[in-house]
Amino acid sequence: MNATLDCIVRHPLKAIGREELSRTILTRGQWLPMDRVWAVAHERSKLDQGWVPKANFLRGVTEPKLMAIACVWNESLNRLTLVHPKAGQISICPDSEADTSLLLDWLSHIWPEDLPQPTGIYRAADANLTDTPDPWISINSLASNHDLSQRLGQNLSIHRWRGNLWIEGLTPWEEKSWVGKDIQVGEAVLRVQCEITRCKATMANPDTGRRDVDTLGALQALGHQEFGVYAEVIRDGEIVAGDAVEVAT
């Protein structure tokens with residue numbers, strides 16, 4: 001296998017914005033740094049200070065316009081800048097009560113009135129707000145994305161999949177064989193736990209926020225509904241775009 005880490009993507013505010021990185025440091029038993037730290041709750045949310053299921057938050061599967069948001073996290077200023085083609089740009093401190101009202105107003109340009117309305121920003125006391133309560137990081141293959149693009153006759157942006165680590169140089173769907181194996185990325189080692197079952201959020205174009213292609217139908221034509229794998233960090237280390245990726249022996 002002659003594979004490399006192509007890029008790293010994090011989503012500080014769950015389902016609302018994405019940011020590409022060239023490097024980060026992974027820690028044993030922890031999520032990707034600054035990934036899904038916060039989420040936006042709605043009128044029907046049931047929150048208990050810890051990790052709660054994704055249905056309690058605004059998500060792209062419910063409103064595809066959210067998929068078109070990009071972001072930049074400024075750690076020194078503790079500020080998150082969000083950009084959307086319709087709503088424009090906003091910069092907030094997610095832990096600020098005053099800035100929460102600014103975010104809710106900004107989201108009103110995107111979020112439909114007939115859905116449960118956003119009520120505030122939620123941060124769990126002891127977990128990141130990924131789709132599972134486990135401290136897992138998603139790993140995805142550019143080759144699998146390219147294969148699906150060819151089957152659909154349309155270039156699919158990697159941001160449809162909201163993944164963390166993107167790998168170049170694999171054969172299509174090779175990552176499906178990684179479950180139960182250890183994968184070394186740069187200095188870090190991750191143990192692959194399971195495949196990721198996908199939902200219709202992936203049908204939305206992250207440039208336009210509109211559903212424009214049947215990604216789930218294309219996956220089901222291959223006999224499954226999975227894309228990418230979840231893995232847990234078992235050895236600390238820095239990872240940098242261009243680092244070698246290999247199955248540990």
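**Strand pairing, a buried glutamate and an aromatic cluster**

In the predicted model, T24 has I239 of strand β16 as its bridge partner. The two strands involved, β3 and β16 (residues 237-240), run antiparallel and are joined by four bridges. Within β3, which spans residues 23-26, T24 and L26 make up the covered face, whereas R23 and I25 make up the uncovered one. This division can be set beside a general feature of such elements: in a regular strand the side chains alternate between the two faces of the sheet.

A second site concerns E19, which is placed in strand β2 (residues 19-21). With a relative accessible area of 11%, E19 falls under the 20% limit and is therefore classed as buried. A polar atom of the E19 side chain lies 3.2 Å from the backbone nitrogen of W73. Apart from residues up to four places away in sequence, E19 touches I8, V9 and R10, as well as C71, V72 and W73.

Aromatic side chains were examined over the whole structure, and the search finds six aromatic pairs. One of these is formed by W166 and F227, a tilted pair with a centre-to-centre distance of 6.1 Å and an angle of 45° between the planes. The pair links distant parts of the chain, since W166 belongs to strand β10 (residues 165-168) and F227 to strand β15 (residues 226-235), with their positions 61 residues apart in sequence. Both W166 and F227 are buried, and together with W161 and W173 they form one aromatic cluster.

Note on methods: Residues are numbered from 1 along each chain as its sequence is written. This is a predicted model: local features need pLDDT of at least 70, side-chain atom pairs count only at pLDDT 80 or more; totals for chains, interfaces and linings use all residues. Side-chain values use heavy atoms; hydrogens and water are left out. Buried means under 20% relative accessible area, exposed over 50%, partly exposed in between (1.4 Å probe, protein chains only). A polar contact is a pair of N or O atoms within 3.5 Å; within protein, one must be able to donate a hydrogen and the other to accept it, and residues adjacent in sequence count only if both atoms are side-chain atoms. Contact means heavy atoms within 4.5 Å. Rings of Phe, Tyr and Trp (its six-membered ring) pair if their centres lie within 6.5 Å; planes under 30 degrees apart count as stacked, over 60 as edge-to-face and the rest as tilted. Two strands pair if DSSP finds at least two bridges between them.
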